[in-house]
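Reader: Please show me the sequence and the model. I have some questions about the strands, the ligand and the core.

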Amino acid sequence: MIEIRDLHKSYGALEVLKGVDLVAERGHVVSLIGSSGSGKSTLLRCANLLEESQQGEILFEGEPITWRGHGLDRHPSDRHQVTRIRTNLSMVFQQFNLWSHMTILQNVMEAPVTVMGRDKAEVEEKARYYLDKVGIGDKCDMWPSQLSGGQQQRAAIARGLCMEPRALLFDEPTSALDPELEQEVIKVIKDLAAEGRTMLIVTHDMRMAADISDHVVFLHQGLIEEEGPPSELFGNPKSERLKQFLSATQSA
Ligand SMILES: Nc1ncnc2c1ncn2[C@@H]1O[C@H](COP(=O)(O)OP(=O)(O)OP(=O)(O)O)[C@@H](O)[C@H]1O
């Protein structure tokens with residue numbers, strides 16, 4: 001379970017998150033929707049300790065993981081804790097960030113072997129398993145540049161999975177995919193949630209949010225305007241802002 005309580009985040013004078021409270025239950029898929037600039041990615045980045053928040057708390061399975069005061073990654077013991085948290089709460093980025101000088105298999109194995117110190121042979125077995133699971137088991141020895149955008153995205157998901165995290169944070173997981181591949185990625189995400197992993201997903205794709213989510217959160221200018229099960233949020237939106245947002249996305 002991920003719990004976010006009264007989270008505030010500013011970039012200089014720009015207040016991006018203004019007191020966000022959110023709960024993602026274990027094994028649930030929670031989608032974050034909202035206009036560009038509403039703070040969705042910032043919220044994910046705070047949960048993955050890529051950003052420091054100024055106020056509030058984030059708890060992962062009851063443990064506070066909020067970071068504040070002395071800069072991320074500076075102190076060796078902090079670095080250790082950051083690594084531990086990131087391996088439990090793995091993030092899949094909008095840009096795939098695959099290492100161009102490593103094969104797909106090496107990319108997927110890198111963090112578990114070099115950062116987490118796991119046994120190489122075991123990691124390789126898992127890496128191949130997860131690459132198969134996302135449908136690119138035959139691309140292990142290729143370079144990222146030899147893969148299509150959708151295949152690179154799936155490699156990035158396999159890389160996140162190979163760390164065997166208890167939660168996955170996705171920033172626009174299907175943005176570069178054609179509809180068929182999008183369905184494959186959606187299936188992977190649903191399977192992972194069914195295994196008990198918690199998923200927090202930022203998306204502009206309302207169809208996907210409706211299909212995949214247990215809970216949908218609509219952010220507006222750094223605050224939660226409305227949240228609930230997808231059937232309610234999309235079927236019977238209450239806030240005028242959400243109604244406007246949904247009709248704008250439908251006509252886009
Ligand atoms: N590193 C940064 N430094 C300064 N401002 C930033 C930084 N990152 C994000 N912002 C600003 O914070 C606000 C929220 O950005 P964020 O990326 O969280 O929004 P978003 O809802 O994910 O948007 P989008 O849907 O366009 O991805 C924006 O106004 C953005 O310009």
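**Strands, ligand shell and core**

Author: Strands β4 and β5 form a hairpin with two residues between them, and Glu61 in the turn has a positive phi of about 45°. This is a predicted model, in which local features need pLDDT of at least 70, side-chain atom pairs count only at pLDDT 80 or more, and totals for chains, interfaces and linings use all residues. Residues are numbered from 1 along each chain as its sequence is written. Strands (E, at least two residues) and helices (H or I, at least four) are DSSP runs numbered from the N terminus.

Reader: What is the bridge partner of Phe60 in β5?

Author: Strands pair if DSSP finds at least two bridges between them. β4 and β5 (residues 63-64) are antiparallel over two bridges. The partner of Phe60 is Glu63.

Reader: Which element gives the most to the shell around the ligand?

Author: A residue is near a molecule if its C-beta atom, placed from the backbone, lies within 6 Å of it. β2 (14-24) and α1 (40-47) each supply at least two residues of the shell. With three residues, the element that gives the most is α1.

Reader: Which helix supplies the largest share of the largest nonpolar core?

Author: Such a core is a set of buried Ala, Val, Leu, Ile, Met, Phe, Trp, Tyr and Cys residues joined through C-beta atoms within 7 Å; buried means 20 or more other C-beta atoms within 10 Å. Of its 63 residues, those touching the most other members include Val108 and Cys162. The largest share, six residues, comes from α5 (residues 149-162).

Conventions. A residue is buried if 20 or more other C-beta atoms lie within 10 Å of its own, exposed if 12 or fewer, and partly exposed in between; C-beta atoms are placed from the backbone.
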